[in-house]
Amino acid sequence: SKELGTLRAGRNTTPLFVSTLAFNAFGDSFGYSPSIRAFFTSNTVSGDSGWSDSVQYLSPKFGGASFGAIMAAGEGAGGRNWGLNGGYGAGPFAAAFVYQKVAKNTSATAAVDDTKTWQLSASYDLGAAKLFGQAGKVDNETTKRDYKIASIGAAVPMGEGKWLAQYSRISASAGADRKTFSFGYDYQLSKRSDVYAVAMSDKLSGLSGGNSYSLGLRHRF
């Protein structure tokens, strides 16, 4: 029942991914969100943003606070993954904490690393700007490397759109560190359509930096 919370079975989006997209200025953009890039496309967190054959529990809210849990059975290249999360949102302030463990299926040869990840996120809406912050760490038990991740950002309303800025840094115990900064403007044409212009700087230590630019129209069906 709604009073007891929600139970979902099947393929579920992980709380880590939901928290990552919710607490950064560029949301779920795999191309331009430095937060998504740091946690999910830089060979840090393993196990993808969604788990098949999983069961997820989402609690009701208790005065702005809520919690949840997710567990996935071992399948193919996957393992017995699990995660816990808690969050709070009331007024202009919101925060979330997530912990997850990904384990490869030891009965099969699979390119899935064993990782432990925690992430603490927060946001505050000042009205004139909404501020975002994230900190986390990924321990890769397979490669014996760890990655410390920090990200800050802001969304500033202007007209029918928003100026967006987000910066993230990966500090690796071995290998290259990564610094990513994105800046852009997103203009809302309607509830389902928007146009955007974004520039991104992406730099790995020891290598030359890369710059990307994009101008686009988006429609949600």
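This note goes through the salt bridges, strand pairings and aromatic pairs of a predicted model.

1. The salt bridges make a good starting point, and a search through the whole structure finds 10 of them. One of these joins the side chains of Asp202 and Arg37, with 3.3 Å from N to O. The two partners belong to distant parts of the chain, since Asp202 sits in strand β11 (residues 193-204) while Arg37 sits in helix α2 (residues 34-40), and their positions lie 165 residues apart in sequence.

2. It is worth asking of this pair whether its members are buried or exposed, taking Asp202 and Arg37 in turn. Asp202 has a relative accessible area of 11% and is therefore buried, the cut-off for that word being under 20%. Arg37 has a relative accessible area of 15%, so Arg37 is buried as well.

3. A further salt bridge is made by the side chains of Arg218 and Asp186, at 3.6 Å from N to O. Because Arg218 is in strand β12 (residues 210-219) and Asp186 is in strand β10 (residues 178-188), this pair ties together parts of the chain that are 32 residues apart in sequence. The surroundings of the two residues can be read from their accessibility: Arg218 is partly exposed, with a relative accessible area of 33%, whereas Asp186, at 16%, counts as buried.

4. Arg220 and Asp194 also form a salt bridge, in which the closest N and O atoms are 3.4 Å apart. Arg220 lies in the segment after β12 and Asp194 lies in strand β11, so this bridge ties together parts that are 26 residues apart in sequence. Arg220 counts as partly exposed at 38% relative accessibility, while Asp194 counts as buried at 0%. Which residues are joined into one network by salt bridges that share partners? They are Asp186, Asp194, Arg218 and Arg220, and a reader may find it helpful to display these four residues together in the viewer.

5. Turning to the strands, β6 (residues 115-125) and β7 (residues 130-140) pair in the antiparallel sense over 11 bridges. Within this pairing, Thr115 has Asn140 in β7 as its bridge partner. The two strands form a hairpin with four residues between them, and Gly127, which is in the turn, has a positive phi of about 95°.

6. Strand β7 has another antiparallel partner in strand β8 (residues 145-158), to which 11 bridges join it. Here Gly136 stands opposite Ile149, which belongs to β8. β7 and β8 also make a hairpin with four residues between the strands, and in this hairpin Lys144 takes a positive phi near 65°.

7. Lys137 offers a view of this region from a single residue, as Lys137 is found in strand β7. Its relative accessible area is 24%, so Lys137 is partly exposed. Which residues does Lys137 contact, leaving aside its neighbours within four places in sequence? The contacts are with Lys116, Thr117, Trp118, Asp146, Tyr147 and Lys148. Tyr99 is 38 residues away from Lys137 along the chain, and the C-alpha atoms of these two residues are separated by 9.9 Å.

8. The aromatic residues deserve a separate look, because the rings of Phe, Tyr and Trp count as a pair if their centres lie within 6.5 Å, and the structure holds nine such aromatic pairs. Phe97 and Trp118 form one that is stacked, with 6.4 Å from centre to centre and 20° between the planes. This pair links distant parts of the chain, with Phe97 in strand β5 (residues 93-102) and Trp118 in strand β6, 21 residues apart. Phe97 counts as partly exposed at 38% relative accessibility, and Trp118 is partly exposed with a relative accessible area of 32%.

9. Another aromatic pair consists of Trp163 and Phe183, whose ring centres are 5.5 Å apart and whose planes meet at 15°, so the pair is stacked. Trp163 is in strand β9 (residues 161-172) and Phe183 is in strand β10, so that distant parts of the chain, 20 residues apart, are linked by the pair. Trp163 counts as partly exposed at 34% relative accessibility, and Phe183 counts as partly exposed at 38%. Elsewhere among the aromatic residues, Phe17, Phe30 and Phe40 form one aromatic cluster.

Notes. Residues are numbered from 1 along each chain as its sequence is written. This is a predicted model: local features need pLDDT of at least 70, side-chain atom pairs count only at pLDDT 80 or more; totals for chains, interfaces and linings use all residues. Side-chain values use heavy atoms; hydrogens and water are left out. Buried means under 20% relative accessible area, exposed over 50%, partly exposed in between (1.4 Å probe, protein chains only). Two strands pair if DSSP finds at least two bridges between them. Rings of Phe, Tyr and Trp (its six-membered ring) pair if their centres lie within 6.5 Å; planes under 30 degrees apart count as stacked, over 60 as edge-to-face and the rest as tilted. Contact means heavy atoms within 4.5 Å.
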